[in-house]
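Let's take a friendly walk through a protein fold. Have the viewer ready, and look at the overall layout before turning to the details.

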Amino acid sequence: MKKGISNLLLLLFFLSACNQQDTASEESEKVSTVSQEKRLTIADLNTRAIAEDSLLETPQPKNRQLIDDYRHFSNFVDSLYKSDPSKIELYIKLKGKELPIRVKNFDSLPDTLEKSYNIYRDTTGTIRYVLESPFNRSGDWLTTFVHYFDEKGETITFVRTSNFLHSDCTDGTAYEVSAYFFDQQQQLISKMYELKDQKGALLSPATCTFKYRKPYHIFQNLDELQKTILIK
């Protein structure tokens with residue numbers, strides 16, 4: 001895997017996956033489905049209440065409308081990378097430094113790079129989107145964690161993407177995406193998961209090795225996230 005592979009590629013992969021609704025295949029059937037009897041909250045998810053490769057589909061029309069609205073917003077934000085990239089603020093976090101530094105681009109990065117952030121603010125100056133990407137020197141994996149917030153700063157969507165080698169289920173790079181959608185009470189109303197190879201063919205999680213999965217935290221709101229990453 002090339003070092004410095006664009007975060008945009010991961011986001012485009014996510015968009016492609018999200019827009020393929022109700023896809024049926026032998027491989028996708030091997031992914032576990034979450035019971036809807038218990039409404040899971042963000043707090044539940046942070047205790048790993050469900051497996052990474054689980055799915056949850058909502059039959060309720062109002063929830064489907066919420067998800068459509070969320071996808072429309074995420075499509076708009078992600079389109080800015082092509083249409084108006086100046087609206088995406090870029091930051092880097094260096095080892096040994098408390099505060100992230102704003103930069104114009106990621107073309108020349110210091111050896112002490114720890115992680116990077118992409119941020120979008122709406123016309124009121126409110127942060128609505130934060131992408132975090134930990135840095136690794138091996139180039140064997142690339143992971144991003146993306147929070148989308150509503151106008152009040154509540155988390156409405158969280159997306160984890162991962163490109164990685166040495167999966168044992170494909171010769172090249174495996175592409176993994178998990179997306180969580182929440183209602184106004186921050187209960188999980190839908191979760192999608194896909195795992196693909198470089199050609200876009202679905203892979204079965206049961207046949208793969210995930211050497212680079214690490215615990216992650218879904219922030220309930222913008223205030224909680226800002227207290228952690230120290231970007232105002």
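The notes below go from the overall fold to the helices and the sheet.

## Overall picture

What you see is a predicted model. Its secondary structure consists of four helices and eight strands, and along the sequence these follow the pattern α-α-α-β-β-β-β-β-β-β-β-α.

The protein has 232 residues, and 52% of them count as buried. About 12000 Å² is exposed, with carbon and sulfur atoms supplying 50% of that area. If you take the contacts between residues at least 6 apart in sequence, 54% join residues at least 24 apart.

## Helix 3

Helix 3 covers residues 61-83, 23 residues in total. From its first C-alpha to its last it reaches 32 Å, close to the 33 Å expected at 1.5 Å a residue. Its buried residues include the aromatic positions Y70, F73 and Y81, and also N63, R71, S74 and D78. L66, I67, V77 and L80 are buried too.

## The sheet

How are the eight strands ordered in the sheet? The order is 2-1-3-4-5-6-7-8, in an open sheet with antiparallel pairing. Strand 2 (101-103) and strand 8 (188-196) are the edge strands, each pairing on one side only. From one strand to the next, the twist averages 20 degrees.

For a close-up, try strand 3 (residues 113-121) and strand 4 (residues 127-134): they run antiparallel and are joined by seven bridges. Here K115 stands opposite P134 in strand 4.

## Helix 4 across the strands

Helix 4 (residues 222-229) lies across strand 3, strand 4 and strand 5 (141-149). Relative to strand 4, helix 4 runs at about 40 degrees.

Conventions. Residues are numbered from 1 along each chain as its sequence is written. This is a predicted model: local features need pLDDT of at least 70, side-chain atom pairs count only at pLDDT 80 or more; totals for chains, interfaces and linings use all residues. Side-chain values use heavy atoms; hydrogens and water are left out. Helices (H or I, at least four residues) and strands (E, at least two) are DSSP runs, numbered from the N terminus. Buried means under 20% relative accessible area, exposed over 50%, partly exposed in between (1.4 Å probe, protein chains only). Contact means heavy atoms within 4.5 Å. Accessible areas come from the Shrake-Rupley method with a 1.4 Å probe; for residues, only the protein chains shown count as cover. The expected span of a helix is 1.5 Å times one less than its number of residues. Two strands pair if DSSP finds at least two bridges between them. Axes are lines fitted to C-alpha atoms, for helices over the stretch in contact, and angles run from 0 to 180 degrees between N-to-C directions.
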